[in-house]
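Work through the exercises below with the sequence and the model at hand. Try each task before reading its solution.

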Amino acid sequence: MKLVVQVRLLPTPEQAAALEATLRAANDAATWVAALAHTQRVFRNYDLRRHVYGQVKDRYGLAAQAAQHVIKKVADAYATLHAHVRKGNLGRPGSVRRERVLARPIVFRPGAAQPFDDRCLSWQLDARTVSIWTVGGRMKGVAFTASADQLALLAAHRKGESDLVCRDGRWFLIATCDLPDVPVRAPDGFVGVDLGIANIATTATATATGTGTGTGTGTGTGTGDGVRHSGKTLNAVRHRHRELRRRLQAKQTKSARRLLKKRRRKEARFAADVNHTIARRIVTEAARTGRGIALEDLQGIRDRVRLRKPQRVTLHAWSFHQLGHFIAYKAARAGVALVHVDPAYTSQACSACGHVAKNNRPDQETFACTSCGFAEHADVNAARNIAARGETGWAVSHAA
Ligand SMILES: [Zn+2]
């Protein structure tokens, strides 16, 4: 499996200036190549290289490998764009949006990611430095920070290119690690994960007995059943940022726009941290208990999380997809079985008797079965249903 490790570089001011000049040259070159590709209708890497390779090197002072990466980056960007167009993601043929996008060449930001291969970038993990090619020559001893876990991953599994990227004046290297596949263990039962807004994730097993046991909210350490990972902190941060955004948007100045962008990234980083923590807890607990994990299939998430503000739906849908992705790769790393289940009626069905009714759920938090009288926190009941479907799904797919 592929895994991405992002480390932050800590360049001196001189080193930062060299990195900036390099990234700018590479992206200026990419924008120039993209414009040429657009006017001449040449989009394939091989064809583009024949057209522009020499000029990219000479005009922008790029080394051979850097020039090749620039050209490939442009070819890849157009391939992605054209795939989006084919899939209809930019609207039907003739639609305003689609025509507008296709009428203009792709433009690369000065700080956009640029790949560096092993000839242009080497890692000194013990010293926590890298040596990197720049337009001013090879630059040694650029410091970076990384956790012990990240260092171990880099040492054992880093492979191929790493991306240099600058965000909000901060420098990062994004390295790809190629890990051997861990065989999936046959699960002893499943834990179901219900996604929501008040509680980002609620976990429960299908075979839980008793009602409302161990409902640790917020920072629950994940023992037993019905653990709710509260969205309180995250929602508070989002709310605070939304207020700030409103004020900044009203200003419409350049500095306000820049600050807005910075805020948005900060919020995304915080949300990713929260998702990482939740995913780690869920997977660690499943690994410890020998269980598999059942996740909702998120295809219909937009319909399920029905909110008045479309912007919020997008935000939450995006966040749920990220959490699902984190859980999936952490589970794969730990050899924990993962099953995606159909989430239809998981919130309305009784996890004790199977009775489905809308009024089984009188309010957001409460589940009370109108048939058998079973009562539980609504999210825990839903998670139990998801766990049960996970067990069925696994049994079906492993029957043969
Ligand atoms: Zn019931």
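The exercises treat salt bridges and a metal site in this predicted model.

**Exercise 1.** Find which residue pairs with glutamate 20 in a salt bridge, and state how exposed the two partners are.

Solution.
- Step 1. The cut-off for a salt bridge is a side-chain nitrogen of Lys or Arg within 4 Å of a carboxyl oxygen of Asp or Glu.
- Step 2. The partner is arginine 24, with an N to O distance of 3.8 Å.
- Step 3. Both residues belong to helix H1 (residues 13-40), and because they are four residues apart there, about one helical turn separates them.
- Step 4. Glutamate 20 has 42% relative accessibility and is partly exposed; arginine 24, at 39%, is also partly exposed.

**Exercise 2.** Decide whether aspartate 117 is buried or exposed, and do the same for arginine 119.

Solution.
- Step 1. Buried means under 20% relative accessible area, and exposed means over 50%.
- Step 2. Aspartate 117 has a relative accessible area of 10%, so this residue is buried.
- Step 3. Arginine 119 reaches 56% relative accessibility, so this residue is exposed.
- Step 4. The side chains of these two residues form a salt bridge at 3.1 Å, N to O.

**Exercise 3.** Locate the salt bridge between glutamate 267 and arginine 238 in the chain, and name the network to which these residues belong.

Solution.
- Step 1. The N to O distance between the two side chains is 3.7 Å.
- Step 2. Glutamate 267 sits in helix H7 (residues 254-289) and arginine 238 in helix H6 (residues 232-251); with their positions 29 residues apart, the pair links distant parts of the chain.
- Step 3. Both glutamate 267 and arginine 238 are buried.
- Step 4. A network of salt bridges joins Arg238, Arg245 and Glu267.
- Step 5. For the whole model, the count is 11 salt bridges.

**Exercise 4.** Identify the protein donors of the zinc ion and describe the geometry of the site.

Solution.
- Step 1. The donors are the SG atoms of Cys350, Cys353, Cys369 and Cys372, which lie 2.3 Å from the zinc ion.
- Step 2. Four donors count as tetrahedral if all angles lie between 85 and 135 degrees. The angles among the four donor atoms here are 106 to 112 degrees, and the site is tetrahedral.
- Step 3. The spacing of the donor residues in sequence is C-x2-C-x15-C-x2-C.
- Step 4. Cysteine 350 is in the loop between strand S12 (338-341) and strand S13 (366-368), and cysteine 372 is in the loop between S13 and strand S14 (375-377), so the pair ties together parts 22 residues apart in sequence.
- Step 5. Cysteine 350 is buried at 3% relative accessibility, whereas cysteine 372 is partly exposed at 41%.

Methods:
Residues are numbered from 1 along each chain as its sequence is written. This is a predicted model: local features need pLDDT of at least 70, side-chain atom pairs count only at pLDDT 80 or more; totals for chains, interfaces and linings use all residues. Side-chain values use heavy atoms; hydrogens and water are left out. Helices (H or I, at least four residues) and strands (E, at least two) are DSSP runs, numbered from the N terminus. Buried means under 20% relative accessible area, exposed over 50%, partly exposed in between (1.4 Å probe, protein chains only). Donors are N, O and S atoms within 2.8 Å of the metal (3.2 Å for Na, K and Ca); water is not among the atoms, so sites may look incomplete. Four donors count as tetrahedral if all angles lie between 85 and 135 degrees; four count as square planar and six as octahedral if opposite donors are over 155 degrees apart and all others between 65 and 115; anything else is irregular.
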